[in-house]
Amino acid sequence: MTIEETYVKHIECGIRAIKLGTKRPDEANVGKYLNKLREVNEGLYDDLMERYQNIVENYKKNKESFGESKKNYYFYRNK
């Protein structure tokens with residue numbers, strides 16, 4: 001596994017955790033790996049950064065709607 005693949009794996013796992021609501025964006029440490037990926041592959045960085053920004057935007061919308069409680073998030077998300 002190359003270093004690029006390792007960075008992508010960490011980024012995708014972090015994005016998935018934010019999307020599922022198991023981690024907040026600051027807990028996922030995606031930014032750290034995005035910055036490292038930028039040095040290796042600029043094109044892939046741009047694609048993953050766009051996905052990350054969309055997920056964080058959705059997270060913020062859900063946070064406003066459901067509050068900080070993960071219980072509220074899962075309750076309303078699964079309706």
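Which residue does R24 form a salt bridge with, and how far apart are the closest N and O atoms? I started my notebook with that one. The partner is D26, and the closest N and O atoms of the two are 3.3 Å apart. Note to self: this is a predicted model, so every number here is computed from it.

**Entry 1: around R24**

I looked for other partners of R24 and found E27, whose side chain meets that of R24 in a salt bridge at 3.4 Å, N to O. Next I checked how open these residues are. D26 has 54% relative accessibility, so I put it down as exposed. The cut-off for exposed is over 50%. R24 has a relative accessible area of 34%, so it goes down as partly exposed. E27 is partly exposed too, at 34% relative accessibility.

**Entry 2: the other salt bridge I looked up**

The structure holds four salt bridges, and one of them pairs K61 with E57. Their closest N and O atoms are 3.7 Å apart. Where do K61 and E57 lie? Both are in helix α4, four residues apart, which is about one turn of the helix. K61 is partly exposed, with a relative accessible area of 46%, and E57 is partly exposed as well, at 44%. Back to my opening residue for a moment: R24, D26 and E27 are joined into one network by salt bridges that share partners.

**Entry 3: the aromatic pair**

I then went hunting for aromatic pairs, and the structure holds one. The rings of Y7 and Y33 have their centres 6.2 Å apart and their planes at 45°, so the pair is tilted. The pair links distant parts of the chain, with Y7 in helix α1 (residues 3-20) and Y33 in helix α3, 26 residues apart.

Is Y33 buried or exposed? Y33 has 16% relative accessibility, so I wrote "buried" beside it. The cut-off for buried is under 20%. Y7 is buried too, with a relative accessible area of 12%.

I also wanted the neighbours of Y33, which sits in helix α3 (residues 30-40). Skipping residues up to four places away in sequence, Y33 touches Y7, H10 and I11. I checked a distance to K9 as well: K9 and Y33 are 24 residues apart along the chain, and their C-alpha atoms are separated by 9.4 Å.

**Entry 4: L37**

L37 lies in helix α3. Its relative accessibility came out at 0%, so L37 counts as buried. What does L37 touch, leaving aside its neighbours within four places in sequence? My list reads E4, Y7, V8, I11, L44, Y45 and L48. One of these, I11, is in contact with L37 although the two are 26 residues apart in sequence. From C-alpha to C-alpha, L37 and I11 are 9.3 Å apart in space.

**Entry 5: how α1 and α3 meet**

After Y33 and L37 I looked at the two helices themselves. The axes of α1 and α3 come within 9 Å and cross at roughly 150°. The crossing of α1 past α3 is left-handed.

Which residues meet here? From α1 I noted E4, Y7, V8, H10, I11, G14, I15 and I18. Facing them from α3 are V30, Y33, L34, K36, L37 and V40. Y7 and Y33 from my aromatic entry are both on this list.

**Entry 6: the largest nonpolar core**

Last stop was the largest nonpolar core, which has 17 residues. I asked which of them touch the most other members. The answer is I11, I18, V30, L34, L37, L48 and Y52. At least two residues of this core come from each of α1, α3 and α4 (42-66). Helix α4 gives the most, with seven residues.

I picked I18 from that group for a closer look. Leaving aside its neighbours within four places in sequence, I18 is in contact with K23, R24, P25, A28, V30, Y52, I55 and Y59. That brought me back to where I began, with R24 among the contacts of I18.

Terms used: Residues numbered from 1 in each chain as written. Predicted model: local features only at pLDDT ≥ 70, side-chain atom pairs only at ≥ 80, totals over all residues. Heavy atoms only, no water. Buried < 20%, exposed > 50% of the residue type's maximum accessible area, 1.4 Å probe, protein only. Contact = heavy atoms within 4.5 Å. Phe/Tyr/Trp six-rings, centres within 6.5 Å; stacked < 30°, edge-to-face > 60°. Core = buried A, V, L, I, M, F, W, Y, C linked by side-chain atoms within 4.5 Å. Axes fitted to C-alpha atoms, helices over the stretch in contact; angles between N-to-C directions. Left-handed = near helix turned anticlockwise from the far one by under 90°.
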